[in-house]
Every structure is written in structure tokens, then in C-alpha cells.
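This report covers the fold, the sheet and the surface of one chain. The sequence and the structure come first.

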Amino acid sequence: SAAGGDDEGVAALLPKMKRLKLRPSLGQLRLQREEEEVRSLSWSAADVRIDIVPEQLRATLTIGAWPDGGAPSLHLELIFPPQYPHRHPEVVQV
């Protein structure tokens, strides 16, 4: 049956997949380093927040908030390609 053939194909691939070592992309490595640098900085402005998620190749930047505690005055999402820093990130205002 077709289902039995699929199971055999998957079983044959498993040992090969286990040998593959997943390596972080150049972009993930760079973002990990940049995340460490951001954490080492002491921000004097409490209304600036940077969150970097190297595994997802994403970062968010939030600047300021309305006096009543409402929405931030600027909220950006940065989406990095795996080839970062050789290719620029996409920046989206949220």
C-alpha cells in the first residue's frame, strides 16, 4: 500500500536527518551578538525598549508612550533575512 511505502521512506530518511547538524544562519549569529550588545548597554531613557529574537530573525523597537500609559508613540518590527548583515532587514511600523 502507499501508506506502507511512505512509512518506509520516512524510516530510511531518519538516520540521515539525525546526522544533519542544524547550524544558525549568518543572520542569526549576527543578531545573537547584537542582542548581547544591547543587553550590555544601560539605557538612560526608560521609554525605549528593544527586543531581539535571533532564532526567529526578528526584533521590535518601541519608543515612548503616551502620558496616559496608552500605545507607544513609535513601534517598529524588524524582520531580518538569513543573509543579514549582507541583506537589509524589512522594517514595518506596527
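## Model and secondary structure

Helices and strands here are DSSP runs, with at least four residues for a helix and at least two for a strand, numbered from the N terminus. The model is predicted.

By that assignment, the chain contains two helices and four strands. Their order along the sequence is α-α-β-β-β-β.

## The sheet

The four strands make up an open sheet, ordered E1-E2-E3-E4, with antiparallel pairing. Strand E1 (48-53) and strand E4 (90-93) are at the edges with a single partner strand each, so each has one side without a neighbour in the sheet. From one strand to the next, the twist averages 15 degrees.

Six bridges link E1 to strand E2 (residues 58-63) in the antiparallel sense. Within this part of the sheet, Asp51 is opposite Thr60 in E2.

## Helix against sheet

Which strands does helix H2 lie across? Helix H2, residues 26-40, lies across E1 and E2. Its direction is at about 150 degrees to E1. E1 thus has two descriptions in this report: an edge strand of the sheet, and one of the strands that H2 lies across.

## Burial, contacts and surface

The chain has 94 residues, of which 20% are buried. Of the contacts between residues at least 6 apart in sequence, 24% join residues at least 24 apart.

The exposed area of the chain is about 7400 Å². Carbon and sulfur atoms supply 57% of that area.

Definitions and conventions:
Residues are numbered from 1 along each chain as its sequence is written. This is a predicted model: local features need pLDDT of at least 70, side-chain atom pairs count only at pLDDT 80 or more; totals for chains, interfaces and linings use all residues. Side-chain values use heavy atoms; hydrogens and water are left out. Buried means under 20% relative accessible area, exposed over 50%, partly exposed in between (1.4 Å probe, protein chains only). Contact means heavy atoms within 4.5 Å. Accessible areas come from the Shrake-Rupley method with a 1.4 Å probe; for residues, only the protein chains shown count as cover. Two strands pair if DSSP finds at least two bridges between them. Axes are lines fitted to C-alpha atoms, for helices over the stretch in contact, and angles run from 0 to 180 degrees between N-to-C directions.
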